[in-house]
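Here is a friendly walk through one protein model, meant to be read with the structure open beside you. Let us go from single residues to sheets, hairpins and helices.

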Amino acid sequence: MNLEKINNNTHIQAITNAKLLSSDLATSDTDKILNIAIKNQKIVALGYLPDDEDIEEINVCHHLIINNVFNIGCFIKNNNSKTEPNTQLKENPNIQIIDSYELIKQVNNQSLESSPNCYIASVQLSECLFILQEANKTPLSTHCHLILEHIDEETCTLLTNTKLPKEVSIGIYLPTESSPTIKHIETLILSKTISSLSCKPESALTTTIMTYFPNSYAKICNVLFNEASKAIFNIEPISIKIGNTINATFIQKKQPHTISIIISNGVIKTIKGEDNE
């Protein structure tokens with residue numbers, strides 16, 4: 001998979017004929033086509049294209065625009081995510097990565113520093129259960145987001161039957177292959193028990209979400225990249241408006257849900273390669 005930057009500050013690039021994903025699949029088909037013109041990393045036109053300047057048009061017909069996508073699992077492991085912008089995470093002072101062993105030690109001896117930041121750790125199920133147990137005994141002094149390395153039906157059942165303390169939220173790495181567990185995962189996301197999804201760097205997160213959850217991906221993206229983004233990680237989605245610098249993913253609506261373009265901090269990048277699936 002290769003990324004190719006195509007921003008050029010001397011003229012305007014316009015991404016045309018895509019639709020902005022609605023949180024309601026019933027309305028997304030009726031959304032108007034949204035043309036986005038960018039110059040110097042900022043949106044300079046929406047819906048129309050300026051006729052007084054040179055424009056490089058990138059036609060992405062039959063694509064959806066998904067705003068504010070990020071792969072937090074790749075970020076905390078310092079892996080480069082080639083199909084999600086992740087700029088929101090890199091520039092966020094409210095996120096603090098912590099090793100699971102160190103987190104457990106601090107939770108155990110109640111030395112976790114009080115902070116407005118969100119601690120994020122990749123954990124095994126046993127580590128997660130210990131932290132939940134301790135947090136239910138004594139409230140944690142700062143919010144901790146625990147990303148489970150593995151999830152199966154037993155783990156889903158445990159999460160369904162566990163009341164999360166307000167200082168703890170749960171994320172998961174999606175399975176590499178679809179399975180009956182996916183339906184249970186879907187329920188946990190929509191109930192906001194799971195509040196982040198990640199996948200390995202060789203996979204495209206948005207593609208996986210749309211493939212695994214064909215009837216609910218719009219609602220799931222809203223839960224993850226709008227609601228949880230703000231509530232847990234203090235990442236406010238930047239509106240697609242004139243003057244703004246955005247982070248967005250452009251993905252084919254139909255299978256195989258190929259990602260053609262991402263915008264990362266206003267920089268347009270095309271994605272090429274067989275790994276984009």
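Let us begin with Ile72, which lies in helix 2 (residues 72–76). Helices here are DSSP runs of H or I with at least four residues, strands are DSSP runs of E with at least two, and both are numbered from the N terminus. This is a predicted model, in which local features need pLDDT of at least 70 and side-chain atom pairs count only at pLDDT 80 or more, while totals for chains, interfaces and linings use all residues. Residues are numbered from 1 along each chain as its sequence is written, and side-chain values use heavy atoms, with hydrogens and water left out.

Is Ile72 buried or exposed? Ile72 is buried, because its relative accessible area is 0%; buried means under 20%, exposed over 50%, and partly exposed in between, with a 1.4 Å probe and protein chains only. Leaving aside neighbours within four places in sequence, Ile72 is in contact with Leu89, Ile120, Ile147, Ser196, Ser198 and Phe233, where contact means heavy atoms within 4.5 Å. Lys254 sits 182 residues from Ile72 along the chain, and their C-alpha atoms are separated by 25 Å.

**Four more residues to look at**

The table places four further residues and gives their relative accessible areas.

| Residue | Place | Relative accessible area |
|---|---|---|
| His62 | strand 5 (residues 55–67) | 63%, exposed |
| Asn68 | loop between strand 5 and helix 2 | 3%, buried |
| Lys137 | helix 5 (residues 125–137) | 57%, exposed |
| Thr193 | loop between helix 7 (181–190) and strand 10 (194–198) | 16%, buried |

His62 has a positive phi of about 70 degrees although it is not a glycine. Asn68, also not a glycine, has a positive phi of about 70 degrees. Lys137 and Pro165 are 28 residues apart in sequence, and their C-alpha atoms are 9.7 Å apart in space.

For Thr193, the side chain makes a polar contact with the side chain of Ser191 at 3.2 Å. A polar contact is a pair of N or O atoms within 3.5 Å; within protein, one must be able to donate a hydrogen and the other to accept it, and residues adjacent in sequence count only if both atoms are side-chain atoms. Not counting residues up to four places away in sequence, Thr193 touches Leu159, Leu164, Ile170 and Leu188.

**The parallel sheet**

Ile170 turns up again in a sheet. Strand 8 (residues 143–148) and strand 9 (residues 168–173) pair in the parallel sense over 5 bridges, and two strands count as paired if DSSP finds at least two bridges between them. Ile170, in strand 9, is the bridge partner of Leu146.

These strands belong to an open sheet of 5 strands with parallel pairing, in the order 6-7-8-9-10. Strand 6 (95–97) and strand 10 stand at the edges with a single partner strand each, so one side of each is left without a neighbour in the sheet. From one strand to the next, the twist averages 30 degrees.

**Two hairpins**

Further along the chain, strand 11 (residues 248–252) and strand 12 run antiparallel and are joined by 4 bridges. Phe250 has Ile261 of strand 12 as its bridge partner. The two strands form a hairpin with 6 residues between them, and His257 in the turn has a positive phi of about 55 degrees. Pro256 lies in the loop between strand 11 and strand 12, and a cis peptide bond with omega of about 10 degrees joins Gln255 to Pro256.

Strand 12 (residues 259–264) also pairs with strand 13, in the antiparallel sense over 4 bridges. Ile263 stands opposite Ile268 in strand 13, while Ile262 has Lys269 as its bridge partner there. This hairpin has 2 residues between the strands, and Asn265 takes a positive phi near 50 degrees.

How many residues of strand 12 are buried? The count is 6 of its 6 residues, and strand 12 is mostly covered. In strand 13 (residues 267–272), 5 of the 6 residues are buried, so strand 13 is largely enclosed by the rest of the structure.

**A helix pair**

Finally, the axes of helix 8 (residues 205–212) and helix 9 (residues 217–231) come within 9 Å and cross at roughly 135 degrees. That makes helix 8 oblique to helix 9. Axes are lines fitted to C-alpha atoms, for helices over the stretch in contact, and angles run from 0 to 180 degrees between N-to-C directions. Angles under 35 degrees count as roughly parallel, over 145 as roughly antiparallel, 65 to 115 as roughly perpendicular and the rest as oblique.

Leu205, Ile209 and Met210 of helix 8 make the contact with Tyr217, Ile220, Cys221, Leu224 and Phe225 of helix 9.
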